[in-house]
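Got your viewer open and a selection box ready? Let's walk through this one stop by stop.

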Amino acid sequence: MARVGRGLLRIRRRQRRAGQIERELPTVLDLLAVAVGAGVSPAGALETVARWGPPLVVGPVGRALVSVRLGAALPEALDDLAAELPALHPVTDALIASARLGAPAGPTLARLGDESRSALRRRAEARARTLPVKLLFPLVLLVLPAFGLLTVAPAVISAMSHL
C-alpha cells in the first residue's frame, strides 16, 4: 500500500513539475528568440537561458552546457536536454536544426512562443469555465441552508408561536 502511495505521489510531483515547466516555457522561448535574434549562436542562446532563465529550466540547461564544454556535440547535449525536459523538445529541435544546418531559429522560436502562450491561455480559460460548477456545491450545501435557517426558520417559528 505504501509503495502505491509513493508511486502516486511521484506521478503527481512529475505532473506538477511538468505543468510548472510549461508555464515557464514562454519565458524560455522569449529569451532564446532575443538571443538568437541578436546574432548569438544556439550555444550562446542556451547560456543566456542558463543565466537568466526560470529556475526549473536553469539546471537542465546548465547541465547541457557543461556537457558541451566537456566535449559533447551540441545536438547530443540538446537531445539529452529534450529527454530530461520533454516540454523543450520542439525548442531543442529548432536549435539542432540551427546548429547543424545554419537555419535561422528566430522565427521558429517566436512561433513556438506564441503557441505556448496561447496553449496556456486556453488552459486557464478551461479552468475558469469549471469554476462555477465547483462553486455550486458550497452554495447548495452551505449557503442556501444557512440562508434558510436565518430567514425562513424565524418566520416559521413566529408563525407557529402565534397559533
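Which helices are among what covers the buried residues of H3? Keep that in mind as you click around, and remember that you are looking at a predicted model.

**Stop 1: helix H3**

Select residues 55–69, which make up H3. This helix has 15 residues and runs 21 Å from its first C-alpha to its last, close to the 21 Å expected at 1.5 Å a residue. Now colour Val-57, Pro-60, Val-61, Ala-64 and Leu-65, which are buried. Look down the axis of H3: the buried residues fall within an arc of 145°, so they line one face of the helix. There's a general rule to bear in mind here: an α-helix has 3.6 residues a turn, so residues three or four places apart point the same way.

Spin round to the face of H3 turned away from its buried side, and you'll find the exposed residues Pro-55 and Arg-69. Back on the buried residues, here's the reply to the opening question: their cover includes H1, helix H2 (42–52) and helix H4 (74–84). Before you leave, click on Gly-71, which follows H3 and has a positive phi, near 120°.

**Stop 2: where H1 meets H3**

Add residues 2–37, helix H1, to your selection. H1 and H3 pack at an angle of about 80°, and their axes are 8 Å apart. That makes H1 roughly perpendicular to H3. To see who touches whom, show side chains for Arg-17, Gln-20, Ile-21, Glu-24 and Val-28 on the H1 side. On the H3 side, they meet Pro-55, Leu-56, Val-57 and Pro-60. Sorted by class, this contact has six nonpolar, one polar and two charged residues.

Stay on H1 and pick Pro-26, which is found in this helix. Is Pro-26 buried or exposed? Pro-26 is buried, with a relative accessible area of 7%. Leaving aside its neighbours within four places in sequence, Pro-26 is in contact with Ser-116, Arg-117 and Leu-120. For a distance to try in the viewer, go from Pro-26 to Leu-112: they are 86 residues apart in sequence, but 8.1 Å apart in space, C-alpha to C-alpha.

**Stop 3: helix H2**

Next, select 42–52 for H2. Its buried residues are Pro-42, Gly-44, Ala-45, Leu-46 and Val-49. Among what covers them are H1, H3, H4 and H5.

Zoom in on Pro-42, which has its place in H2. Pro-42 is buried, with a relative accessible area of 13%. What does Pro-42 contact, leaving aside its neighbours within four places in sequence? Show Leu-74, Leu-95, Ser-98 and Ala-99, and you have the set. Then draw a line to Arg-6: the C-alpha atoms of Pro-42 and Arg-6 are separated by 39 Å, with their positions 36 residues apart along the chain.

**Stop 4: helix H4**

Move to residues 74–84, H4. Leu-74, Pro-75, Ala-77, Leu-78, Leu-81 and Ala-82 are buried here. They cover an arc of only 160° around the axis, which puts them on the same side of H4. To see part of what covers these buried residues, show H2, H3 and helix H5 (89–101).

Flip to the face of H4 turned away from its buried side, where the exposed residues Asp-80 and Ala-83 sit. Click on Ala-83, which lies in H4. Ala-83 is exposed, with a relative accessible area of 63%. As a last distance, link Ala-83 to Val-57: their C-alpha atoms are separated by 13 Å, and the two residues are 26 residues apart along the chain. Val-57 brings you back to H3, where it is one of the buried residues.

Note on methods: Residues numbered from 1 in each chain as written. Predicted model: local features only at pLDDT ≥ 70, side-chain atom pairs only at ≥ 80, totals over all residues. Heavy atoms only, no water. Axes fitted to C-alpha atoms, helices over the stretch in contact; angles between N-to-C directions. Helix = DSSP H or I, 4+ residues; strand = E, 2+ residues; numbered from the N terminus. Parallel < 35°, antiparallel > 145°, perpendicular 65-115°, else oblique. Contact = heavy atoms within 4.5 Å. Nonpolar A, V, L, I, M, F, W, Y, C, P; charged D, E, K, R; others polar. Expected span 1.5 Å × (residues − 1). Buried < 20%, exposed > 50% of the residue type's maximum accessible area, 1.4 Å probe, protein only. Arc of directions from axis to C-beta.
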